[in-house]
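Some questions on helix packing, nonpolar cores and aromatic pairs are worked through here.

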Amino acid sequence: MKRGTVIVIAKAPVPGRVKTRLQSEFTAREAAALARASLVDTLSAVKFAPATRRVIALEGEPGPWLPPGFDVVAQRGGGLDERLAAAFEDVYDGTPMLLVGMDTPQLRPELLGFEWSGYDAVLGLTEDGGYWCLGLRTPDSRALVGVPMSTDHTGRDQLRRLLALGMRVQILPTLRDMDTPQDAAYLADEFPSLRVSRLYRRLQHAAHPGLLFEQALGGTARVVATGIDGRTVPSLSEVDRWTAPADDVDRLALSRCEGPVLDIGCGPGRIVTALAERGIPALGVDVSPRAVSLTTSRGASALHRPVQDRLPGEGRWGSVLLMDGNIGIGGDPADLLRRCAELVRPDGLVLVEVDPDDDLDDSTPIVLRSSTGRHSTPLPWARVGTRALIRHARTTHLHPTEDWRTPHRAFLTLRRTA
């Protein structure tokens, strides 16, 4: 067996510092978990490669993901080109070196050999224009420093540099690396036994509901709410209406408000904005940072906070709003009504948008489903009609005062009693 060293150049899989392009669909923690799985798959392939030495050139600290049998050297240098050149210099022991990244977990050990007869270097390109491996017989900073990295022509530029130095270059098979959610989906389909593929499939069915809601508000994916049975709940999937200005029905509901007004689950802020335009003091609260940002970008006031946390003006709000089915927040309408009773002043008003089905009283959790293929974990929620809500209100200090509706929406107003 020919002697040689395989180098894996990698970042420690720390949330927020790796795989940021995956965060269009995954949380920072999920993206880091996928990076870790990809790294473990890569290290596993290297472990069985026909090499006499294995090294990881690491940015960050090693963790339990690092198997035995690998030497660790710290990355040094400024840009990636300098760090790659330094890795070759720091690892060189007189034998050929093959450097691979951590983003092609599907690579096979047999690709990592040193049968370079008649060649000075080897290069494996990636489908996005980069490269997944570079092999050199001896360190040569001229081969790397100054080559533009992380572009769609890095691989082509790297090959030109090697040829310009008079090197004979062997080209290895082209691979697809994992940078985007689409890349991760491809790997999961084509290489289902990989650790990263198994994790991807688990994450597809275990997204945090807040993440999918953020995607819907940001326009990066279409998201619908369904029951556990998969049937769409149209009233909880109207993102386009929530992001549009208040409509005639909204304004009719707001005409009943007495200021100041607290809008619970304000979403992107159409209701708070409409109240502000009427000169009525109003504050929105929401657990979604993007919703709060969208509301404040409209010039309205909003606070990033769950309704059960301490809120400004408790016991002094003239009206509390639960629009767009937000009576379902938390899955316990009676508990939410009791919280609203704590928030409004004596004789204050709570306005609830209920389901048009008067008798509906469903506390089955909902699931958010994204057009990207992700499903959320079950989200505690309730859907209630007028009669059901009146029953729930009997356990609170709220008294029903008006039941009214339009052709497609229904509302109930309640007042706080002593």
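The questions and answers below concern this predicted model.

Local features need pLDDT of at least 70 and side-chain atom pairs pLDDT 80 or more, while totals for chains, interfaces and linings use all residues. Residues are numbered from 1 along each chain as its sequence is written, and side-chain values use heavy atoms, without hydrogens and water.

Q: Are H6 and H10 roughly parallel or roughly antiparallel to each other?
A: Helices are DSSP runs of H or I, at least four residues, numbered from the N terminus. H6 (residues 209–218) and H10 (residues 289–297) pack with axes 8 Å apart, at an angle of about 30°. Angles under 35 degrees count as roughly parallel and over 145 as roughly antiparallel. H6 and H10 are therefore roughly parallel.

Q: Which element gives the largest share of the largest nonpolar core?
A: Such a core joins buried (under 20% relative accessible area, 1.4 Å probe, protein chains only) Ala, Val, Leu, Ile, Met, Phe, Trp, Tyr and Cys residues through side-chain atoms within 4.5 Å. The largest has 32 residues, with Val8, Leu43, Ile56, Trp65, Leu112 and Trp132 touching the most other members. The largest share, 7 residues, comes from H1.

Q: How is the aromatic pair of tryptophan 404 and phenylalanine 411 classed?
A: Ring centres of Phe, Tyr and Trp (six-membered ring) must lie within 6.5 Å, and planes under 30 degrees apart count as stacked, over 60 as edge-to-face and the rest as tilted. Tryptophan 404 and phenylalanine 411 are both buried. Their centres are 4.4 Å apart with 10° between the planes, and the pair is stacked.

Key: Axes fitted to C-alpha atoms, helices over the stretch in contact; angles between N-to-C directions. Helix = DSSP H or I, 4+ residues; strand = E, 2+ residues; numbered from the N terminus. Parallel < 35°, antiparallel > 145°, perpendicular 65-115°, else oblique. Buried < 20%, exposed > 50% of the residue type's maximum accessible area, 1.4 Å probe, protein only.
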